[in-house]
2 protein chains.
Amino acid sequence: MTQDNLPAPGAPDIEIARAATMDPILPLAEKRLGVPPEALVPFGHHKAKVSLEYINSLKSKKDGKLVLVTAITPTPAGEGKTTTSVGVTDGLNQIGVNAMVCLREPSLGPCFGMKGGAAGGGRAQVIPMEDINLHFNGDFHAITSAHSLLAALIDNHIYWGNEQEIDPRRVVFRRVVDMNDRALRNIVIGLGGPANGVPRENGFDITVASEVMAILCLANDIEDLRERLSRIIVARRRDKSPVTAGDIGADGAMAVLLKDALQPNLVQTIEHNPAFIHGGPFANIAHGCNSVMATKTAMKLADVVVTEAGFGADLGAEKFLDIKCRQSGLWPDAVVLVATVRALKMQGGVAKGDLGAPNAGAVEKGAVNLKRHITNLKKYGLNPVVAINHFIHDTDEEVAVIKKLGEELGVKVALSKHWAEGGKGAVELATAVKEELDKGKSEGKLLYPDDTPLAKKIETVAKEIYGAEGISLSSAAANSLKEFEKLGFGHVPVCIAKTQYSFSTDPTNLGAPSGHTLEVREARLSAGAGFVVAVCGDIMTMPGLPKKPAALEIGLDKDGQIVGLA
Amino acid sequence: MTQDNLPAPGAPDIEIARAATMDPILPLAEKRLGVPPEALVPFGHHKAKVSLEYINSLKSKKDGKLVLVTAITPTPAGEGKTTTSVGVTDGLNQIGVNAMVCLREPSLGPCFGMKGGAAGGGRAQVIPMEDINLHFNGDFHAITSAHSLLAALIDNHIYWGNEQEIDPRRVVFRRVVDMNDRALRNIVIGLGGPANGVPRENGFDITVASEVMAILCLANDIEDLRERLSRIIVARRRDKSPVTAGDIGADGAMAVLLKDALQPNLVQTIEHNPAFIHGGPFANIAHGCNSVMATKTAMKLADVVVTEAGFGADLGAEKFLDIKCRQSGLWPDAVVLVATVRALKMQGGVAKGDLGAPNAGAVEKGAVNLKRHITNLKKYGLNPVVAINHFIHDTDEEVAVIKKLGEELGVKVALSKHWAEGGKGAVELATAVKEELDKGKSEGKLLYPDDTPLAKKIETVAKEIYGAEGISLSSAAANSLKEFEKLGFGHVPVCIAKTQYSFSTDPTNLGAPSGHTLEVREARLSAGAGFVVAVCGDIMTMPGLPKKPAALEIGLDKDGQIVGLA
C-alpha cells in the first residue's frame with residue numbers, strides 16, 4: 001500500500017500529494033469498509049459523501065475502538081497533529097489493524113492567510129489535497145449559507161413589523177464569512193433610510209466559529225440537527241426573554257441547506273486507507289472536533305478509528321472530552337499526545353532561528369509543557385501514548401529526554417517517522433497504541449459534572465487544565481452567565497475561546513505557566529450547540545490576514561495546476 | 001423518452017421532479033454527447049462537471065446552431081421562459097433533432113425569498129430539481145468566496161500600510177452574499193479601533209450581481225478568467241488613478257477558487273435530454289446569460305443548442321446580444337419569444353385575481369408589449385418565433401389574437417403545451433424553430449457600435465429598446481461615465497440595471513410605454529467583465545426578503561424529503 005514513486009519527503013506537500021496515485025473512491029469504500037456504491041454520493045472520482053440513509057442502517061452494528069490524537073501546546077515549529085493522525089492510521093494498517101482516520105475540514109480563510117493547507121504533510125497526508133483544502137464538497141459553504149439565511153431572516157423580521165418584538169440592540173446572532181476579514185468584526189448595518197432596514201451594530205465571525213458549525217458537528221442525525229437549529233437564541237425581547245431561530249421559523253430551511261453537508265466525506269490517505277474529513281470548528285474559538293456523525297459512522301465501519309482534536313490538549317482534548325464526549329456518549333479507548341523535539345525546545349525558550357542546534361537542555365526545560373498535558377489527561381482517567389513526531393535533525397540525546405519523562409510518568413513514548421516514511425515509519429507508535437487498546441477501555445471521567453454552575457465550570461478548566469490561580473469575569477460576562485443559568489442553561493458545558501499558544505491567555509507565556517488569571521471578556525450562549533462560549537483574553541472570533549497573505553502566492557501555472565498552496 | 005408514471009402536471013413541480021426517473025449521468029453523457037466518463041467530474045450520480053481539459057480538446061469540432069429563448073415583459077402571472085427552453089429542447093429531440101439546453105443556475109437568495117425554484121415547471125423541468133436549486137455544485141459559493149477574498153485583501157492592504165495608496169473613501173468594490181439581505185445594502189465597516197481596520201462605508205450586493213459572476217460567465221478559458229479578474233478595478237488612489245485586483249495580487253488565488261466553478265454542469269431534462277446549467281447573473285441587475293463556456297461547449301456537442309436570456313427581451317435578449325454575443329462572437333440562428341395569454345391580459349390591465357375569465361380584448365390590448373419586443377428583435381436582424389406557453393384555461397379566441405398579430409408582423413406563432421405534455425406538446429414550436437434554423441443564419445447586427453460614447457450607448461438602448469424619449473443622468477453617473485472613458489473604457493458595452501417589470505423604470509407602467517425618461521442613478525465600471533453597469537430608477541443590487549419569505553415554508557418532512565421548495 002506504500003507508494004514508492006513519490007518525491008522525497010522534503011518536497012512540498014502539494015507535490016507529494018499530486019504525485020500520489022489515488023484509488024477510485026467507490027471500489028475503495030466497498031473493499032475496505034463494505035460500503036456499497038449506492039450508499040455513496042461521489043464528488044469527482046476520489047471523494048464521496050456517505051448517505052444518511054445508509055448511516056441509519058448501521059445502527060445495530062458493533063462499534064470499533066476510538067483513538068484520540070492530541071498534542072502539546074502548538075508553536076511555530078509545528079507539531080504535526082494531523083500528520084500524526086494520518087501516520088498512526090497508516091501504521092495501524094501496516095500491523096494488520098483495520099483502521100480509519102476522522103479529521104476536520106480545513107477552513108478557506110486561514111488557507112489564504114497564514115497557514116496554508118491542512119491535510120497532513122510529507123508521506124502522511126490525506127488526498128486529494130487541493131480539493132480538501134478548497135471548497136471541500138461544499139460543507140462550509142452550506143454552513144455559511146444557513147447562517148446567512150438566519151441572519152437575513154432576523155433583520156427581515158424586524159423590518160416587517162417585528163412580531164416577536166426583538167430588541168434591535170440585543171440581537172446576539174452575528175454574521176459569518178469563511179474568510180479572514182478583520183474589517184467586518186465590528187460594523188453598523190441597516191443604514192440608508194427606512195427601505196434598507198433598521199440600523200444596528202453587528203459583526204462577522206469566521207464560519208468555523210458559527211454556532212451552525214458546532215451544531216453540524218454535534219448533531220446525531222438530521223432531526224437532531226433541525227431541533228438544535230431551532231434552539232439557537234438569536235436575540236432578546238425588550239423584556240429580555242430570548243427569541244430563537246425556531247420562533248422566527250428559520251430551522252426548516254436551514255436544515256434543508258445543511259442536509260448534504262451532514263453527510264461525512266470519504267477520502268483516502270496516501271497509503272489508500274479510508275479517511276472521513278468532516279466538520280471543522282477551530283479549537284481556539286470553537287469546540288475543535290470532527291463531527292459526531294463521522295466519528296460514530298467510522299466506528300461502525302472500521303475496527304479502530306483515529307480522530308484528532310484541534311491545537312493543544314488544553315483546548316482540543318478538553319473540549320473533545322467535556323463537550324463532544326459528554327454530548328455523544330463517545331469515549332476514547334486510547335490517546336496519542338503528539339510532541340516534537342523542536343516544539344519542546346521552543347517551549348524551553350529557544351528562538352525559532354536557533355532550533356537547528358542540538359539542545360537537550362532546552363528540551364528538558366520545555367518538557368514541562370508535555371508533562372502538564374500528560375498530567376491533565378490523567379485527570380480524565382486517560383493514559384496517553386506520547387508520539388515524538390520525528391524530524392531528521394533530532395538527536396538521540398534530545399529524544400532520550402522525552403523517553404525519560406515518559407518513564408517517570410508511566411506513559412509510553414514512541415518515536416514516529418511517518419512524515420518521512422509513511423505508515424512503515426509509524427509502526428512503533430501504532431504498536432504502542434494497539435497495546436493500549438488491547439488493555440480495554442479505562443474508567444474515564446469528565447472534568448466537571450453537568451450541575452456545576454457555569455462560572456465554576458470555567459474556573460475548573462482554568463485551574464485544573466490551564467494551571468491558573470483563578471478566573472476574572474468581566475461584569476458583562478458575569479451577568480451573561482447568570483442570565484444563561486436563569487434561562488435554564490446552567491447544565492451545559494463551557495467552550496473556552498482563548499489563544500492556543502499558551503496555557504494562559506498570553507500567547508508568549510510558554511512552558512507550563514501557573515499562578516495566572518484567566519480573563520473572561522464575554523460569554524455567549526450557544527443553546528443549539530449546547531454550550532456556553534467563554535471568550536478569554538484577546539482572542540478574536542474573526543481572524544485578520546497577515547501583511548503578506550498566502551493568497552498572494554497562490555495561483556495557477558500554465559498547465560492549470562495550483563501553485564503556492566503549501 | 002417520455003415518462004408515463006409522472007403525477008399530473010397540476011402537481012407541485014417538486015413532486016413531478018422527484019417522481020421522474022433519471023438516467024445515470026456518465027452513460028447519458030457518453031451516449032448522447034459522446035463525452036467519455038473520464039472527461040466528467042461526477043457530483044452524485046446525476047450531475048457532473050465537464051473538465052476544462054476535455055473542453056479544450058473540442059476546439060476544432062464544428063459548431064451546432066444556437067437558439068435564443070427570450071420573453072415578453074414578465075408579470076406575476078408567469079411566462080415560463082425556462083420551462084419553454086426545456087420544452088422546445090425536448091420538442092426538438094421529439095422531431096429527431098439532437099438538441100441540448102443551456103440554462104442559468106438559480107440563486108439561493110431568491111429561492112428563499114419570493115421566487116421558489118428555477119428549474120422549469122410541469123413536464124418541462126431539469127432534474128435533479130432540488131440539487132439544482134440548492135448549492136448546485138458549489139459554483140455560486142465559489143464566486144462568493146473569490147469575491148470575499150478580494151474584498152478582504154483590499155481592506156487588509158489598507159490596514160497594513162496601504163502601499164498602493166488606496167483612498168478608503170473611494171473603494172468601489174463592494175462585498176457579496178448569496179442571500180436577500182437588505183440590512184447589508186449600506187453598512188459601515190472597520191469599526192472598533194485600530195486593530196480592526198480603517199472605518200469606511202461599504203455594502204453588500206447579492207452574488208449574482210458580482211462582477212466575478214459576470215467574469216465567470218464571459219470568460220473563454222481559465223487564463224482569460226484570470227486576466228479579467230486581474231483587471232477588476234477595486235478602488236481609486238488620491239490622484240483618482242485606478243487600483244486593480246491585479247495591483248494587490250488577488251487574481252491568482254481568485255482563479256484557484258474559481259477553477260472548478262468554470263466547468264459547465266451537466267444534468268438532464270425530465271425526458272433525459274442533456275442540459276448545461278451554468279452561471280447565473282440576473283438580467284435585471286447583471287447581464288443575465290448562461291456562461292460562454294457552457295454555450296460554446298454545448299455547440300460542440302449537440303446539433304442545436306437552446307439557451308435562455310433572463311427576464312424580458314428588453315433586458316435579457318438585449319444583453320445577450322449586445323454583451324455576450326459582442327464579446328464572444330456567438331450569434332443566434334433563431335429566437336423564440338415566449339408569451340402567455342395570462343401575462344398579456346395583465347399587460348392589458350387585468351388584475352391577477354381576474355385572469356381566470358376569458359378576455360380576448362385584454363389580450364389584444366396587452367399585445368402591444370409583445371409587439372414592441374418583436375419590433376425590437378427585428379432591429380438586430382432577428383425574426384423571432386412567438387411561443388404561446390399554453391395554460392389550460394386559455395380560449396381559442398384569446399390565442400387567435402396573438403396568432404393574428406404574428407401574421408401582421410410576419411413572425412410565426414406556435415402554441416406550445418410542454419408544461420402539460422412535455423416534448424410531445426412542444427412539437428409545433430420545435431417544428432417552427434427548425435424551419436427558422438433551416439433558413440440559415442440571418443445577417444445580424446448589434447444595436448450600437450463599440451465606439452459610441454457610453455452615455456450615447458445608454459441612450460440608444462433607452463430609445464430603441466425601451467421606447468424612452470431620452471435619458472437623465474445624475475451628476476454622479478455623468479461624471480463616472482466621463483471618467484470611465486478617460487480611463488480607456490469608452491469602447492465597452494453598457495449593462496443596464498433596471499426593473500424587469502416595465503420598459504420604463506416604473507414597474508407599474510405596463511404594456512408598451514413611450515415618452516418616458518430613463519433615469520440613470522449611478523454608473524459602475526466592470527473592467528474585468530468588460531462593461532459599464534448603469535443603475536436606473538429604484539433598482540437594487542441587493543434584494544430584500546418579503547414579509548412572508550418562502551424560507552418559512554421550506555423544510556424536511558419526516559422521511560428527510562424537502563418540502564416547500566416550489
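Mentor: A disulfide is a pair of cysteine sulfur atoms within 2.5 Å. Keep that in mind for this predicted model.

Trainee: How many disulfides does the structure hold over all chains?

Mentor: Zero. Take A:C102: the nearest cysteine sulfur belongs to A:C289 and is 12 Å away. The cut-off is 2.5 Å, so a pair at 12 Å does not count. A:C102 is therefore in no disulfide.

Trainee: What keeps A:C111 from being counted in a disulfide?

Mentor: Distance again. The nearest cysteine sulfur, that of A:C217, is 18 Å away. The limit is 2.5 Å, so A:C111 is in no disulfide.

Trainee: Why is A:C102 called buried?

Mentor: Buried means under 20% relative accessible area. A:C102 has 0%, so the word applies. A:C111 has 1%, so A:C111 is buried too.

Trainee: Why is B:G361 called partly exposed?

Mentor: Exposed needs over 50%, and buried needs under 20%. B:G361 has 48%, which falls in between, so B:G361 is partly exposed. This glycine lies in helix α14 of chain B, residues 360-379.

Trainee: How do you know that the two copies are related as by a two-fold rotation axis?

Mentor: Look at the superposition. A turn of 180° and a shift of 0.0 Å along the axis lay chain A on chain B, with an RMSD of 0.0 Å. The two copies are thus related as by a two-fold rotation axis.

Trainee: Which residue of chain A comes closest to the rotation axis?

Mentor: A:F43, with its C-alpha at 2.3 Å.

Trainee: What makes you say that the same surface serves both copies?

Mentor: The contact residues of chain A recur in chain B, 100% of them.

Conventions. Residues are numbered from 1 along each chain as its sequence is written. Chains are lettered from A and ligands numbered from 1 in the order in which they are written. This is a predicted model: local features need pLDDT of at least 70, side-chain atom pairs count only at pLDDT 80 or more; totals for chains, interfaces and linings use all residues. Side-chain values use heavy atoms; hydrogens and water are left out. Buried means under 20% relative accessible area, exposed over 50%, partly exposed in between (1.4 Å probe, protein chains only). Helices (H or I, at least four residues) and strands (E, at least two) are DSSP runs, numbered from the N terminus. Copies are superposed by least squares on the C-alpha atoms of residues with pLDDT of at least 70 in both. Contact means heavy atoms within 4.5 Å.
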